[in-house]
Structure formats: C-alpha cells, structure tokens
Amino acid sequence: MGEPIKQAHSFQHITDLAQFPDKLRSGVVAIGNFDGVHRGHRAVLDLARDEAAKRGVPALAMTFEPHPRTFFRPDQPVFRLTPSHVKAEIFEAEHLDGVIELPFTKEFAGMAAEDFVKDILVGRLGISQSITGYDFHFGKGRQGTPEFLEQAGEAHGFAVTIVGAEGDEGGEIISSSRIRAALSEGELAVANGLLGYRYFVEATVQHGEKRGRELGYPTANLKLADNCELKEGVYAVQIKIDGVMHDGVASFGRRPTFDDGAPLLEVHVFDFTGDLYEKPVTVCFVGFIRAELKFDGIEALISQMDQDSAEARAMIASMRPLSHLDQMLNAGG
C-alpha cells in the first residue's frame with residue numbers, strides 16, 4: 001500500500017493546437033509515438049527535460065492519435081501498450097510540462113515535412129529545440145528524416161538533437177514491438193524490464209456472471225481493448241482501488257471451462273471486501289503464472305485457483321523494488 005503522491009508541477013494535455021498556451025512557447029519538444037514510454041523513449045524525454053532546464057523553457061512531448069500504423073491499417077490496429085491518457089500520465093510522472101497530442105488524420109498524414117516544421121513546430125509552437133529518436137520519420141511519404149529535421153532546424157533557427165538507439169542489458173535495442181511480442185508470449189519479466197516499470201492497464205469494473213463468488217473467488221471483471229494481445233493466462237497482480245494498492249491474482253482469457261466467450265480480465269483481490277462495481281481501477285502485472293486451461297470439473301478448477309493464489313502471493317512477496325515510475329503511477333495517487 002502507498003500514500004497518494006502529489007504532483008509538484010502543472011501539467012497540460014493539449015489536443016487542439018488552437019488552444020496551445022503562449023506560456024508553453026519556446027519549449028524543448030520531444031517528438032515521437034512513444035507507445036509504452038519505455039526506457040528507450042525515456043532517454044529522449046530525459047534529454048528534453050534536461051535541455052529545457054538549461055534553457056529555462058518548458059519541456060514538452062509531442063505525440064499522435066491514433067497511432068499512425070493503426071491509421072494506415074485500420075483492419076490491423078496496433079496493440080497499444082499505453083493508450084492516450086496513460087501516456088499522458090507517464091509524461092506527467094516524468095515531470096514534463098505537457099504533451100501535445102496531434103490528431104493523426106488524412107489531412108495530417110498528407111502534410112509535407114517542410115509544412116509540419118514551418119506551420120507547427122515554428123509557427124504554432126515556436127520551439128527552441130526538437131529532440132527525437134534515431135528512427136523517427138514524419139510528413140507525407142515519411143520524407144521527414146532525422147537528417148531533414150537537422151537541416152530544417154538550421155534553416156528555421158531551432159536546435160535539433162537526434163538520440164541513438166537505447167540497448168538493454170544484453171545490448172539488444174529496446175522497442176515497443178519487442179515489448180508487445182513479450183507480452184503476447186507471457187514473458188512478463190522481459191516486458192517489464194524493457195518498460196522500466198510494471199505493465200499496467202486501467203479499466204472500470206463491470207458486472208459479470210458472479211461465478212467467482214460462487215467458487216469462493218469473487219472477481220473484479222474488466223474489459224480490455226479489443227486489440228490487446230496480452231497472453232491469455234493467470235497472473236500475479238496488484239490492483240489500485242481508490243488510490244490504495246492491493247495484492248491479487250488475475251485471469252485473462254475466455255473462460256474455457258464455462259463459456260469460451262470474449263476475453264475478460266478477472267481479478268481476485270486478496271483479503272478485500274467491498275463493492276467494486278463501476279469503479280475505475282489500475283491493474284499492475286507482477287508475474288506470469290500459467291496459460292489458461294480448461295478443467296473437467298469445478299473441484300479441479302478450485303484446486304488450481306488455490307495453487308495460483310499461493311504462487312501469486314509468493315511472486316508479489318519476492319518482487320523487485322518499485323521503480324520511480326511504479327511509485328508515481330501505481331503506488332497511490
């Protein structure tokens with residue numbers, strides 16, 4: 001459990017450039033999709049914050065909604081690690097002054113790279129410096145390469161910094177696609193290591209079939225995004241309810257023993273009594289226990305749930321210390 005943590009600064013989430021405040025002009029802007037806001041992304045954000053402090057100007061992130069890959073391939077939407085509001089929470093926890101969330105529309109996708117620089121970065125935002133990752137491209141046909149941005153900065157009078165790839169402990173590049181793949185394979189320790197915090201989801205508790213209550217394991221039922229590719233199975237979790245963290249065990253899947261229905265996250269909160277219906281909660285994934293199974297009968301299922309609960313308690317008791325992001329995002333507040 002943790003005490004609510006207060007943010008010491010005023011953070012702004014801007015979705016309309018017409019509402020961009022003058023006090024945020026001349027800032028240092030980190031630009032990218034930032035899905036997951038993983039360790040590699042935070043190397044970009046940390047540099048933006050440090051450079052902004054040196055200049056005495058705001059530190060901002062710029063990102064895009066929906067994810068460009070989802071826009072171009074709507075039939076194959078990207079498994080989002082951090083939806084828009086979750087990304088904003090992480091940017092705030094990283095002590096940026098705000099995020100500029102640009103709508104990725106057909107018109108925006110067709111904007112020339114030079115117009116993006118001239119009309120948005122210079123004209124609307126008046127940036128003093130842009131910071132991007134080595135693989136960031138922008139503008140129609142991805143014509144806005146890192147080299148293009150450096151030349152544009154020279155022409156328009158703002159500094160440009162391109163940040164190289166960030167490697168993990170084994171030297172492999174940290175990327176959102178690696179994290180998505182790890183989560184889809186149940187490799188939670190790998191995903192959390194690359195993120196630098198525990199993967200978490202936010203949702204509102206729904207009414208369910210009440211089966212868990214009948215089995216002695218009442219659950220909070222949560223509907224995750226349709227394009228969530230988290231491996232179906234049982235996890236050790238912590239769940240934030242009304243600003244307080246509780247330990248638990250969760251099953252994500254289709255309940256093959258019962259109805260084999262649509263995927264649902266069902267969280268059993270240890271040593272908890274109370275009504276959770278319609279409450280917004282945050283579920284942090286601590287460890288993967290096993291894949292989803294179909295049982296021959298209720299007794300076998302209950303016996304396995306007893307084992308899962310014991311393993312979840314053990315995992316949580318031995319989990320690594322919280323990172324600063326875990327503390328800011330999930331340990332209250």
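Start by selecting strand 2 (residues 28–31) and strand 3: the two run parallel and are joined by four bridges. Keep in mind as you click around that this is a predicted model.

Zoom in on Ala30 and look across to strand 3, where its bridge partner is Ala61. Now add helix 1 (residues 39–55) to the selection and follow the chain from strand 2 through helix 1 to strand 3; this β-α-β crossover is right-handed.

Next, bring in strand 4 (residues 98–103). Strand 3 pairs with strand 4 over six bridges, again in the parallel sense. For a landmark on this side, pick Met62, which stands opposite Ile100 in strand 4.

Stay with strand 3 (residues 59–65) and switch on its side chains. How many of its residues are buried? Seven of the seven are. Cover is found on both faces: Ala59, Ala61, Thr63 and Glu65 are buried on one side, and Leu60, Met62 and Phe64 are buried on the other.

Glu65 leads to the next stop. Select it together with Asp35, Arg80, Lys87 and Arg180, and you have a network of residues linked by salt bridges. A search of the whole structure turns up 17 salt bridges, so let's visit a few others.

Go to Arg178. Its side chain meets that of Asp168 in a salt bridge, with 3.0 Å from N to O. Arg178 sits in helix 7 (residues 176–184), while Asp168 lies in the loop between strand 6 (159–163) and helix 7, ten residues apart. Is Asp168 buried or exposed? Asp168 counts as buried because its relative accessible area is 15%, and the cut-off for buried is under 20%.

Keep Arg178 on screen and add Glu172: these side chains also meet in a salt bridge, at 3.5 Å from N to O. Glu172 is partly exposed, with a relative accessibility of 46%.

For another pair, select Arg254 and Glu232, whose side chains form a salt bridge at 3.2 Å, N to O. This one links distant parts of the chain, 22 residues apart: Arg254 is in the loop between strand 10 (244–253) and strand 11 (264–269), and Glu232 is in the loop between strand 8 (220–222) and strand 9 (233–241). Both partners are partly exposed, Arg254 at 35% relative accessible area and Glu232 at 25%.

Those strands take us to another sheet. Select strands 7 to 12 and color them separately: the six form an open sheet in the order 7-12-9-10-11-8, with antiparallel pairing. Which strands are at the edges? They are strand 7 (200–204) and strand 8, each of which pairs on one side only. Ignoring direction, neighbouring strands here are turned by 35° against each other on average.

At the strand 8 edge, three bridges join strand 8 to strand 11 in an antiparallel run. Click Leu222 and you'll find Leu265 of strand 11 opposite. Now show helix 8 (residues 188–195), which packs on the sheet and touches strand 9 and strand 12 (280–291); its direction makes about 135° with that of strand 12. Helix 10 packs on the sheet too, touching strand 9, strand 10 and strand 12, and its direction makes about 110° with that of strand 12.

Finish inside helix 10 (residues 298–317) by selecting Gln304. Gln304 is buried, at 17% relative accessible area. Leaving out residues up to four places away in sequence, Gln304 touches Arg290 and Phe295.

Conventions:
Residues numbered from 1 in each chain as written. Predicted model: local features only at pLDDT ≥ 70, side-chain atom pairs only at ≥ 80, totals over all residues. Heavy atoms only, no water. Salt bridge = Lys/Arg side-chain N within 4 Å of Asp/Glu carboxyl O. Buried < 20%, exposed > 50% of the residue type's maximum accessible area, 1.4 Å probe, protein only. Pairing = 2+ DSSP bridges. Right-handed = clockwise from strand over helix to strand, strands pointing away. Contact = heavy atoms within 4.5 Å. Axes fitted to C-alpha atoms, helices over the stretch in contact; angles between N-to-C directions.
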